[in-house]
Amino acid sequence: MNVTVKLGHSAPRLALKSPRNSRTLSTTLIHHDVSSPTKRFRFMKSLAKKLSFKKSPPIKSIIKGDASKPKIIFSGIQPTGVPHLGNYLGALKQWKDMQDNARETDKLFFSIVDLHALTIPGNADKLRQNRREMLTSLLAIGLNPERSTIFYQGSVPQHAELQWILSCTASTGYLSRMTQWKSKLSTLTSTPLSSSSPDPTISSPALKHGLFSYPILQAADILLHRSTHVPVGSDQKQHLEFARECVTNFHSAWSTHIFPSPQTISLDSSSSRIMSLQDPTKKMSKSDPNPKSKIFINDDEATIRKKINAARTDSISATVGEYDPVNRPGVANLLEILGGFTGKTGEKVAEECKDVTLAQLKMLTADAVVAGLEEVRERFLLLGEDTEVNRKRVKETEEVGTQSAKESAERTMEKVREAIGLD
């Protein structure tokens with residue numbers, strides 16, 4: 001995408017142009033406080049140039065290791081329905097970038113991890129709907145089933161099979177120290193837990209074994225396809241470390257060497273922390289009851305602009321100033337969102353927009369989000385239409401992805417069964 005400047009009758013206009021059909025989404029910006037129209041125009045033209053969209057970096061710059069060896073990349077997402085902006089910028093957009101930059105010899109597995117969703121029992125029909133909406137979303141963001149293996153975790157029974165085998169050598173002590181488990185435990189029991197002596201045996205009817213052991217299933221997801229690289233955010237790195245622990249324990253227990261030790265692909269940490277538009281001290285979440293707090297990838301232009309215009313900022317200053325997520329979390333969140341669509345960090349955007357008013361920042365951010373999600377939304381709505389063509393396409397994607405994932409999984413499980421005597 002690129003940015004263009006247009007002149008109106010009295011004010012410069014900043015527009016984000018979509019590359020597919022060159023439809024211009026322009027918004028008249030409030031005048032920046034400079035002394036003359038000429039300086040004002042130069043300022044906006046300079047800003048437009050600075051905020052031009054950048055292509056994603058090649059995958060080789062993200063993945064460490066021997067560039068000559070084929071990579072196997074795995075990542076999963078729970079079926080929670082239509083993704084919001086935090087899901088898109090924090091993971092899905094980066095999945096698409098990896099697919100587009102991967103070499104022909106690299107393999108990519110993207111799974112809708114529906115077995116993980118069972119840790120919170122609910123309505124079966126809702127889960128079916130959420131699975132379909134997530135699959136539609138993955139196709140809408142541009143994942144190509146001819147290039148990437150896209151599948152439902154629950155359709156590949158080897159995931160659960162390997163989970164049980166790994167659980168037989170997994171450390172309960174390690175599991176009890178997992179940050180997310182301790183957080184859930186403290187919440188459900190109202191018992192403060194020290195990092196040195198967490199107690200996973202505390203009795204509470206709300207505590208379920210699935211919450212405690214699901215990192216083993218995560219490890220099985222990764223190892224089943226003998227993944228060499230896994231894209232994770234900062235809050236998931238501990239789980240990847242546990243997967244490596246499972247590799248070590250399994251190899252040691254059975255005197256074999258089947259699984260590679262999966263390496264980390266660090267996702268853009270700023271994009272993985274997109275915050276609520278109404279409470280920027282909390283992450284954007286689908287469970288937030290306030291509809292103005294989140295933007296979904298299928299929201300229309302008017303809805304996106306309305307939500308961003310209503311986003312909470314502050315009264316500390318009328319302009320952006322410095323990047324300050326502690327004292328100005330609302331402003332920092334808008335900068336992160338704008339940066340997510342322009343290929344820049346929130347800090348960099350702040351440097352280039354320090355004299356921009358908060359009203360202008362909201363307009364710039366809305367333009368970026370509308371333009372960045374335009375094609376995604378159009379594909380989502382098209383695929384979501386209840387037509388025979390769409391039903392057939394989605395069904396074919398399910399079948400092709402399931403078959404490819406099963407073949408990959410079975411190749412690994414044949415080795416595992418032989419190593420442990422179950423062949």
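Student: In this predicted model, which residue in β6 does Phe110 stand opposite?

Tutor: β5 covers residues 107-112, and Phe110 belongs to this strand. Strand β6 takes in residues 149-152 and pairs with β5 in the parallel sense. In β6, the residue opposite Phe110 is Ile150.

Student: How many bridges join β4 to β5?

Tutor: Strand β4 spans residues 72-77 and runs parallel to β5. One of the pairings has Gly76 as the bridge partner of Ser111 in β5. Between β4 and β5 the number of bridges is 6.

Student: Through which helix does the chain cross from β4 to β5, and what is the hand of the crossover?

Tutor: The unit is a β-α-β crossover that starts at β4 and ends at β5. The helix on this path consists of residues 85-101. The helix is α2, and the crossover is right-handed.

Student: Which helix makes a β-α-β unit with β5 and β6?

Tutor: β5 and β6 are joined by 4 bridges. The unit that they make with the helix is right-handed, and the helix has residues 124-140. This helix is α3.

Student: How many of the 6 residues of β5 are buried?

Tutor: Buried stands for a relative accessible area under 20%. Phe110, a residue of β5, is buried. The strand is mostly covered, and the count of buried residues is 5.

Student: Why is the pair of Trp95 and Phe110 stacked, rather than edge-to-face?

Tutor: Ring centres must lie within 6.5 Å for a pair, and planes under 30 degrees apart count as stacked. The centres of Trp95 and Phe110 are 4.7 Å apart, and the planes meet at 15°, so the pair is stacked. The two residues, 15 apart in the chain, link helix α2 to strand β5. The angle that decides the class is 15°.

Student: Which residue lies over the face of Tyr152, and which one has its charged end over the ring of Tyr174?

Tutor: For Tyr152, the residue over the face is Arg131, at 3.8 Å from the ring centre. For Tyr174, the distance from the ring centre to the charged end is 5.7 Å. That second residue is Arg177.

Student: Is Cys168 buried or exposed, and what about Cys246?

Tutor: The limits are under 20% for buried and over 50% for exposed. Cys168 has 53% relative accessibility and therefore counts as exposed. Cys246 has 2%, so the class for Cys246 is buried.

Student: How many disulfides does a search of the whole structure find?

Tutor: A disulfide requires two cysteine sulfur atoms within 2.5 Å. Over the whole structure, the number found is 0.

Key. Residues numbered from 1 in each chain as written. Predicted model: local features only at pLDDT ≥ 70, side-chain atom pairs only at ≥ 80, totals over all residues. Heavy atoms only, no water. Phe/Tyr/Trp six-rings, centres within 6.5 Å; stacked < 30°, edge-to-face > 60°. Buried < 20%, exposed > 50% of the residue type's maximum accessible area, 1.4 Å probe, protein only. Lys NZ or Arg CZ within 6 Å of the ring centre and 35° of its normal. Pairing = 2+ DSSP bridges. Right-handed = clockwise from strand over helix to strand, strands pointing away.
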